[in-house]
Amino acid sequence: MKLETYHSFRQAFLGANNPVAMSHIAALEKDPYLIHQTKLLLSHMRGVPWNVEHYTSQFRNAPAKQRLEETLLIFLLHSAMVVKQEIFNRTFMKPGSNDVNHVWVMLFKQCFETLTTLLYKVKWTTDNHKNLDMLVLKLIYQGQCRALRDFMKDELHIPMVTHTTQAEMYFEKLNELHISQMGSSFWRLLHWVAEAMDRPDRDEVAKQSWRTLMTYSLYRFLICGVCRMHMQTIVTELKDQLKSVTVSNRELWFNIHNKVNSIIAKPNTSYSKSELAADAEFMVQAFEE
């Protein structure tokens with residue numbers, strides 16, 4: 001990376017994007033990765049077209065396995081973009097704090113392994129763990145969105161039912177999603193994991209890993225500051241229940257969902273028992289062999 005490139009990137013990530021400088025860099029640099037990042041900055045614009053109905057009114061209008069795949073992929077890809085942004089921030093805004101990058105990558109790995117184990121009953125092997133580093137390189141450092149799908153299908157042998165999802169289509173812009181776009185899919189993931197946590201056939205180590213993530217780290221993947229604050233507050237209040245091995249996770253997250261709705265004073269958004277039952281019946285279909 002040339003010094004001019006570094007300073008131009010640093011200014012861009014501080015919010016002072018200079019199209020002329022970016023165009024000059026695109027012609028100056030030969031590294032494909034730097035050229036790719038330059039093009040992203042040049043094409044940057046706010047607002048991402050997003051169909052939230054997949055996670056709201058149309059949630060049960062598609063096969064359960066499809067919705068699970070879409071829900072998991074948006075969380076994992078969005079989390080990868082959060083980690084990528086943190087790495088860039090620490091490169092251009094906080095030089096000298098690169099050791100924290102390793103912590104972010106490890107957090108992503110833990111989420112990925114835990115979720116695939118709980119939701120798909122994946123039994124991770126030594127080779128899977130070794131190859132996970134290559135996935136991180138391709139997905140987070142090189143921006144190869146397809147690497148995640150390929151890893152899930154070829155390495156973990158998860159039977160993928162979609163060819164692509166909207167999260168994959170807008171991978172580089174997932175950090176631009178507004179909470180009204182991202183929130184519904186995140187809630188779906190939490191409720192889906194709750195269903196898996198209540199099943200006796202799910203791996204106990206993965207269950208404990210999820211309890212740890214929920215009570216200590218998962219909120220860090222929320223880019224909405226208010227959402228992070230709400231999640232931290234609730235986790236602090238309900239830590240004993242979240243860490244309990246006997247609690248009904250379905251009921252716990254039903255109560256948490258309505259608690260959050262009341263905190264943010266969302267009108268007409270109470271999550272009813274009948275809606276919970278219908279969603280739960282639908283979600284467990286994705287667990288059928």
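# A guided tour of an all-helix chain

Of the chain's 289 residues, 49% count as buried, where buried means under 20% relative accessible area, exposed means over 50%, and partly exposed lies in between (1.4 Å probe, protein chains only). Before you click further, note that this is a predicted model, in which local features need pLDDT of at least 70 and side-chain atom pairs count only at pLDDT 80 or more, while totals for chains, interfaces and linings use all residues. Residues are numbered from 1 along each chain as its sequence is written, and side-chain values use heavy atoms, with hydrogens and water left out.

**The whole chain**

Start with a cartoon view. You will find 14 helices and 0 strands; helices (H or I, at least four residues) and strands (E, at least two) are DSSP runs, numbered from the N terminus. Switch on the surface next: the accessible area comes to about 14,400 Å², with 55% of that belonging to carbon and sulfur atoms (Shrake-Rupley method, 1.4 Å probe; for residues, only the protein chains shown count as cover). For a contact map, count heavy atoms within 4.5 Å as a contact. Among contacts with a separation of 6 or more, 71% are between residues 24 or more positions apart.

**Helix H4**

Select residues 64-92, which make up helix H4. How far apart are its end C-alpha atoms? They are 42 Å apart, which agrees with the span expected for 29 residues at 1.5 Å a residue; the expected span is 1.5 Å times one less than the number of residues. Colour H4 by accessibility and you will see that 25 of its 29 residues are buried.

Stay on H4 and pick His78. This histidine counts as buried because its relative accessibility is 2%. Leaving out residues up to four places away in sequence, His78 touches Leu73, Leu174, Asn175, Met182, Phe221 and Ile223.

Now move along H4 to Glu86. Is this residue buried or exposed? Glu86 has a relative accessible area of 19%, so it is buried. Beyond its neighbours within four places in sequence, Glu86 is in contact with Asn101 and Trp104.

**Aromatic rings**

Show the side chains of Phe, Tyr and Trp. Rings (for Trp, the six-membered one) pair if their centres lie within 6.5 Å; planes under 30 degrees apart count as stacked, over 60 as edge-to-face and the rest as tilted. The count by this rule is 12 aromatic pairs. Take Phe59 and Phe282: their ring centres are 5.1 Å apart and their planes meet at 70°, so the pair is edge-to-face. This pair links distant parts of the chain, with Phe59 in the loop between helix H3 (32-42) and H4, and Phe282 in helix H14 (residues 273-283), 223 residues apart. Both Phe59 and Phe282 are buried.

Next, select Phe108 and Phe112, a stacked pair with 6.3 Å centre to centre and 20° between the planes. They are 4 residues apart in helix H5 (residues 99-120), so about one helical turn separates them. Phe108 and Phe112 are both buried. To see a cluster joined by ring pairs, select Phe75, Trp104, Phe186 and Phe221.

**Charges over rings**

Go back to Phe59 and add Arg188, whose charged end sits over the ring, 3.8 Å from its centre. The rule asks for NZ of Lys or CZ of Arg within 6 Å of the ring centre and within 35 degrees of the ring normal. Another case is Arg202, which lies over the face of Phe287 at 4.6 Å from the ring centre.

**Helix H7**

Select residues 146-155, helix H7, and highlight its buried residues: Ala147, Leu148, Arg149, Phe151 and Met152. What covers them? The cover includes H4, H5, helix H6 (126-141) and helix H8 (166-169). Just after H7, click His157, which takes a positive phi of about 60°.

**Cysteines and a last stop**

Search for disulfides (cysteine sulfur atoms within 2.5 Å) and the structure gives 0. Cys111, at 1% relative accessibility, counts as buried. Cys227 counts as buried at 19% relative accessibility.

Finish at Arg228 in helix H11 (residues 225-237). With a relative accessible area of 29%, Arg228 is partly exposed. Measure across to Leu218, 10 residues away along the chain: the two C-alpha atoms are separated by 9.2 Å. Setting aside neighbours within four places in sequence, Arg228 is in contact with Tyr219, Arg220, Leu222 and Ile223.
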